[in-house]
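Please walk me through this structure, strand by strand and then across its surface. I am new to it, so keep the sentences short.

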Amino acid sequence: MNLLKYRTTIQLSITASLLVGITSHAAGLEYTKQSILPFFEPGNYAELSYAYVDPKIEGTDVAGGVDNPAANQKINDMMDDFEIWGGAVKIAPTENTALALIYDEPFGVDTIYSKGSEFNNSMGATEARVDTRSLTLLGGGKVNNNFWVYGGVEYQEADGGVQLAQNFEGFPIYYSLDIKNKSDTLIPVLGVAYEKPEIMLRAALTWRGEGEHKLKGHESLYLDFGGNTPEDFNDSALAKAVVGVPDDYTLGNTNLSFKTPQSVNFDFQTGLSEKYQLLGMINARWVEWTKFNISPQGITTVVGEPLAEYKEDAYAVEVALAKQFTPKFAGEIRAGYDSGTAEPLSLLGPYDSIKTLALGGSYDVTKQLKLSAGAQYMWFEGGTAYSKLPIEKTLSERTLAKFDDGTGYALGVKLGYYF
């Protein structure tokens with residue numbers, strides 16, 4: 001089977017798959033799969049992509065407790081829609097070398113709880129906004145006719161803020177973590193790839209290290225004991241007694257550090273049929289979420305556990321079939337599964353595993369300009385969010401909320417230009 005003459009045209013379907021991939025909503029805080037595939041585009045190349053993502057997850061809180069489940073309240077959709085931008089420029093100084101600069105928005109959180117559940121009270125709503133932006137510089141070359149070695153560095157920037165509203169020991173509380181600065185970090189990236197162009201085969205293995213962020217923030221906590229105004233934790237001996245800390249303990253300015261996880265991506269493609277112009281693809285990913293946690297000093301001391309952490313690492317796999325329908329148009333269907341990070345679920349991202357189904361297409365506007373578009377549907381597995389403390393209570397008494405299985409969709413578009 002000789003697919004070399006189809007390389008330029010059928011590769012358009014890979015471009016469509018990348019667009020679908022950028023709209024994925026993955027485990028933990030992931031928004032994208034941090035793909036480096038623009039590095040392998042032929043010749044000199046540039047792309048710009050945009051995605052709109054709208055997940056929907058609902059559930060029920062446990063405001064009524066285990067003795068009065070009828071008083072539990074519905075949690076309406078608590079995940080905001082969001083947008084993701086991406087871009088890349090790839091230069092080929094020679095036939096066997098390449099340089100690429102890739103822009104990505106790999107991690108984030110966009111959640112807010114509406115009125116009607118215990119996670120939104122008179123003092124405010126449980127809400128989280130976390131944004132990251134990254135630039136990855138890659139360089140590499142062929143060590144022989146088939147093997148590539150590449151590497152580089154990712155510059156990653158992060159900022160955001162978190163507010164929590166719920167009941168503690170029967171009293172409404174409101175906690176806020178206001179971040180005062182943006183953090184940046186440098187992350188190593190290394191990879192190897194094997195290519196056999198005559199059958200459109202490529203297998204690429206990419207490792208990306210962890211990135212350490214350091215932020216300055218301010219913590220505040222208020223409790224409502226039924227008076228005219230909520231009491232500031234720092235000024236209330238009663239509030240400190242309720243949460244069980246010494247009278248001289250206060251919240252305020254804090255230094256916060258967290259690490260975005262290391263990951264490994266495996267991207268495989270091969271031609272399946274010259275007659276039908278078919279291309280098969282597999283993309284797999286591992287992310288080390290078990291070493292991730294966010295533990296602001298003040299609230300961690302008060303509640304006895306991190307603000308956010310995950311129990312298991314995440315594994316994801318996507319399989320795709322692409323076909324060249326006409327000399328200018330290629331299409332693709334793609335299915336995926338992400339293992340999630342297991343229970344307990346986080347209130348700020350309450351879902352476990354994710355299944356996805358996507359369709360994409362790419363059209364040659366001119367010999368140099370390519371337009372790609374994709375749509376993806378997502379199924380989120382629900383579960384239980386609970387607190388580990390107080391340890392003397394049963395699991396059912398420690399339950400914070402139960403979330404239903406959810407759904408979502410994503411739409412995206414990308415322009416690619418060869419120059």
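Four strands form an open sheet in the order β3-β2-β26-β25, and their pairing is antiparallel. The edges are taken by β3 (74-75) and β25 (383-386). Each edge strand has a single partner, so one of its sides has no neighbour in the sheet. This is a predicted model. On the β25 side, four bridges join β25 to β26, and the two run antiparallel. One position shows the register: Gly 383 has Phe 403 in β26 as its bridge partner.

Follow the chain past β26 (399-403) and you reach a loop that leads to β27 (406-418). Asp 404 sits in that loop. Is Asp 404 buried or exposed? Asp 404 is partly exposed, with a relative accessible area of 41%. Together with Glu 343, Glu 381 and Asp 405, Asp 404 forms a negative surface patch.

Next comes β27 itself. Which strands pair with β27? One is β1 (residues 45-56), which pairs with β27 in the antiparallel sense over twelve bridges. Here Tyr 45 has Tyr 418 of β27 as its bridge partner. Another is β24 (residues 369-380), joined to β27 by twelve bridges and also antiparallel. In this pairing, Ala 375 stands opposite Leu 411 in β27.

Now look at the two faces of β27. In a regular strand the side chains alternate between the two faces of the sheet. The covered face of β27 holds Gly 406, Gly 408, Ala 410, Gly 412, Lys 414, Gly 416 and Tyr 418. The uncovered face holds Thr 407, Tyr 409, Leu 411, Val 413, Leu 415 and Tyr 417.

Two residues of that uncovered face, Tyr 409 and Leu 411, also belong to a nonpolar surface patch. The patch covers about 820 Å². Its other members are Leu 272, Leu 321, Ile 333, Leu 357, Leu 359, Tyr 377 and Trp 379. Which elements give two or more residues to the nonpolar patch? They are β23 (354-364), β24 and β27. Trp 379 is placed in strand β24. Trp 379 is partly exposed, with a relative accessible area of 39%.

Turn to the charged pairs. How many salt bridges does a search of the whole structure find? It finds 17. One of them joins Arg 285 to Glu 30, with the closest N and O atoms 2.7 Å apart. Arg 285 lies in strand β18 (residues 278-287), while Glu 30 lies in the loop between α1 (7-22) and β1, so the pair ties together parts that are 255 residues apart in sequence. Both Arg 285 and Glu 30 are buried.

A second salt bridge joins Asp 159 to Arg 133, and its closest N and O atoms are 3.4 Å apart. Asp 159 is in strand β10 (residues 147-168) and Arg 133 in strand β9 (residues 127-142), 26 residues apart. Asp 159 counts as buried because its relative accessible area is 17%, and buried means under 20%.

Strand β10 takes part in another pair. Arg 208 forms a salt bridge with Glu 154, the closest N and O atoms being 2.9 Å apart. Arg 208 lies in strand β13 (residues 201-208) and Glu 154 in β10, so this link ties together parts 54 residues apart in sequence. Arg 208 and Glu 154 are both buried.

Finally, some charges go beyond a pair. Lys 33, Glu 318, Glu 332 and Arg 334 are linked in a network of salt bridges.

Key
Residues numbered from 1 in each chain as written. Predicted model: local features only at pLDDT ≥ 70, side-chain atom pairs only at ≥ 80, totals over all residues. Heavy atoms only, no water. Patch = residues over 30% accessible without salt bridge, like charges linked within 9 Å, V, L, I, M, F, W, Y side chains within 5 Å. Areas by Shrake-Rupley, 256 points an atom, 1.4 Å probe, with all protein chains shown as cover. Salt bridge = Lys/Arg side-chain N within 4 Å of Asp/Glu carboxyl O. Lys, Arg positive; Asp, Glu negative; His and termini not counted. Charge placed at Lys NZ, Arg CZ, Asp CG, Glu CD. Buried < 20%, exposed > 50% of the residue type's maximum accessible area, 1.4 Å probe, protein only. Pairing = 2+ DSSP bridges.
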